Each structure stands twice: as structure tokens, then as C-alpha cells.
Amino acid sequence: MRQNSGLAHCMYSGKHWDYCSDYRKMVINIREYDWESDSNIELHLRLFKLIPNKLVPARESKEWKAYKKAGEAFNKATDEVDAKLKEFCVIAKMPYDKNWLKACDEILEVYDKVWNTYEKALHSYNKAWQIYLSLYEEKLDALHYEMFPNCPWNGETIFSEVNK
Ligand SMILES: [Zn+2]
């Protein structure tokens with residue numbers, strides 16, 4: 001089976017590196033839910049690539065393993081926030097009565113919890129990345145130069161060339 005998770009280049013248009021848990025799902029998300037123009041979506045999909053696992057710098061190190069674990073936890077927390085937000089949207093459209101209020105209260109309470117988990121997971125994820133990068137940035141840069149010689153990433157976005 002083809003690799004579907006790992007270190008991802010430009011998973012989001014505003015972030016250079018991420019840990020991707022489900023590449024195929026992200027491709028569908030970019031195609032279907034991105035509010036970018038068609039040409040930007042095309043560029044985004046061209047840049048969004050998984051780094052083959054065997055090429056990830058220091059993939060046997062504890063820093064990479066910690067980052068991978070934090071990335072998986074963060075992606076799971078993100079999915080849970082999305083799922084609860086969708087549930088909330090369904091409830092919000094129901095008729096306004098005492099059942100509606102109760103249902104809203106309940107879902108908001110759950111949403112609060114998943115949001116807290118998400119924030120903690122995000123913090124750990126960013127921290128784990130900084131630790132990994134502080135040790136292996138040079139190796140990653142060299143790999144990046146080889147794999148994406150024309151990468152338009154400018155530190156903030158991949159659309160710097162397009163939107164000039
Ligand atoms: Zn790049």
C-alpha cells in the first residue's frame with residue numbers, strides 16, 4: 001500500500017511542514033473545501049507531498065518519534081473539533097423550543113472539552129516540531145532543496161507568486 005501518512009510538505013497553504021495522518025483525505029479536503037481559486041488549488045495540490053518515510057531526517061530519533069506521536073494526537077483532536085462543530089450546526093437548525101436549548105447546552109459543553117483537548121494537542125505538536133527542527137533543520141533544508149527546488153513558500157504562504 002502506498003504511504004498515506006508522514007511528514008507533509010505544504011499540507012496547508014499557510015504552513016510549510018506538518019504531520020499528515022491521512023494524505024488521501026487531505027487531498028479531497030483541499031479539492032472540495034478550499035476557498036482558494038482553482039489555480040491556487042492546483043498549485044497547492046502540486047506542493048502538498050508526503051516525504052517518503054525512509055528519507056525523513058533522523059526518523060529513528062526520539063525527537064521524530066515524539067513529533068509523530070504529537071502530530072497524530074493533534075490530527076485526531078482536529079477531527080473531533082470538526083465533528084462536534086458539524087453536530088452543533090445540525091442542532092442549530094432545529095426548531096427553537098426547550099429541547100433545542102437543552103441540546104445546544106449539551107453540545108456546547110462537549111465542544112468546550114474537545115476544544116481544550118485540541119489546544120493542548122496543538123501546543124504539544126508545535127513544541128515537538130520546534131525540538132525536532134532545532135536538531136535536524138539543516139538536513140531537512142537539504143532534502144527540501146532537492147525535492148522542491150522551485151518551492152514558492154515565503155515563510156507565510158505558498159501563494160506569494162500567484163497573488164502579486
Ligand atoms: Zn517548500
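Select Ala121 in this predicted model. Apart from its neighbours within four places in sequence, Ala121 is in contact with Ala73, Phe74 and Ala77. Colour those three partners and check their element: Ala73, Phe74 and Ala77 are buried residues of helix 3. Ala121 itself is one of the buried residues of helix 4.

**The nonpolar core**

Which residues touch the most other members of the largest nonpolar core? Select Ala8, Met11, Tyr67, Ala70, Phe74 and Ala121, which hold that position within a core of 23 residues. Two or more residues of this core are supplied by each of strand 1 (6-12), strand 2 (15-20), helix 1 (23-33), helix 3 (62-92) and helix 4 (98-147). Helix 3 gives the largest share, 6 residues. In soluble globular proteins, nonpolar side chains tend to be buried together.

**Helix 3**

Display residues 62-92 as a cartoon to isolate helix 3. The helix has 31 residues, and the distance from its first C-alpha to its last is 45 Å, close to the 45 Å expected at 1.5 Å a residue. Next, show the side chains of its buried residues: Trp64, Tyr67, Lys68, Ala70, Gly71, Ala73, Phe74, Asn75 and Ala77. Strand 2 and helix 4 are included in what covers them.

Then move to Lys62, also in helix 3. Is Lys62 buried or exposed? Lys62 counts as exposed because it has 10 C-beta neighbours inside 10 Å. Add Arg2 to the selection and draw a distance between the two C-alpha atoms: they are 25 Å apart in space, while the residues are 60 apart in sequence.

**Helix 4**

Select residues 98-147 to display helix 4. This helix has 50 residues, yet its end C-alpha atoms are only 58 Å apart, short of the 74 Å that a straight helix would reach at 1.5 Å a residue. Where is the kink in helix 4 centred? Centre the view on Tyr136, where there is a kink of about 75°.

Now show Tyr118, Ala121, Tyr125, Ala128 and Tyr132, which are buried in helix 4. An α-helix has 3.6 residues a turn, so residues three or four places apart point the same way. Turn helix 3 back on in the display, as helix 3 is part of what covers the buried residues of helix 4.

**The sheet**

Hide the helices and select the strands. The 3 strands form an open sheet in the order 2-1-3, with antiparallel pairing. Strand 2 and strand 3 are the edge strands, each pairing on one side only.

Select strand 1 together with strand 2. These strands pair in the antiparallel sense over 5 bridges, and a hairpin joins them through 2 residues. Strand 1 and strand 3 also run antiparallel, joined by 2 bridges.

Ala8 is a useful residue on which to centre the sheet. On one strand, Ala8 stands opposite Asp18 in strand 2; in strand 3, the bridge partner of Ala8 is Leu50. Ala8 is also among the core residues that touch the most other members. In a regular strand the side chains alternate between the two faces of the sheet.

**Two positive phi values**

Stay in strand 1 and select Cys10. Cys10 is not a glycine, but its phi is positive, at about 55°. Cys10 is buried, since 24 other C-beta atoms lie within 10 Å.

Next, follow the chain to the loop between strand 3 (49-50) and helix 3, and select Ala58. Phi of Ala58 is near 55°, again a positive value in a residue other than glycine. How is the exposure of Ala58 classed? Ala58 is partly exposed, because 14 other C-beta atoms lie within 10 Å. Most residues other than glycine have a negative phi, and most peptide bonds are trans.

**The whole chain**

Finally, restore the full view. The protein chain has 4 helices and 3 strands, and along the sequence these follow the pattern β-β-α-α-β-α-α. The C-alpha trace spans about 60 × 40 × 35 Å along its principal axes. Of the 164 residues in the chain, 19% are buried. Among contacts between residues at least 6 apart in sequence, 63% join residues at least 24 apart.

Definitions and conventions
Residues numbered from 1 in each chain as written. Predicted model: local features only at pLDDT ≥ 70, side-chain atom pairs only at ≥ 80, totals over all residues. Core = buried A, V, L, I, M, F, W, Y, C linked by C-beta atoms within 7 Å. Buried ≥ 20, exposed ≤ 12 C-beta atoms within 10 Å, placed from the backbone. Contact = placed C-beta atoms within 7 Å. Expected span 1.5 Å × (residues − 1). Bend = angle between axes of the 7 residues up to and from the residue. Pairing = 2+ DSSP bridges.
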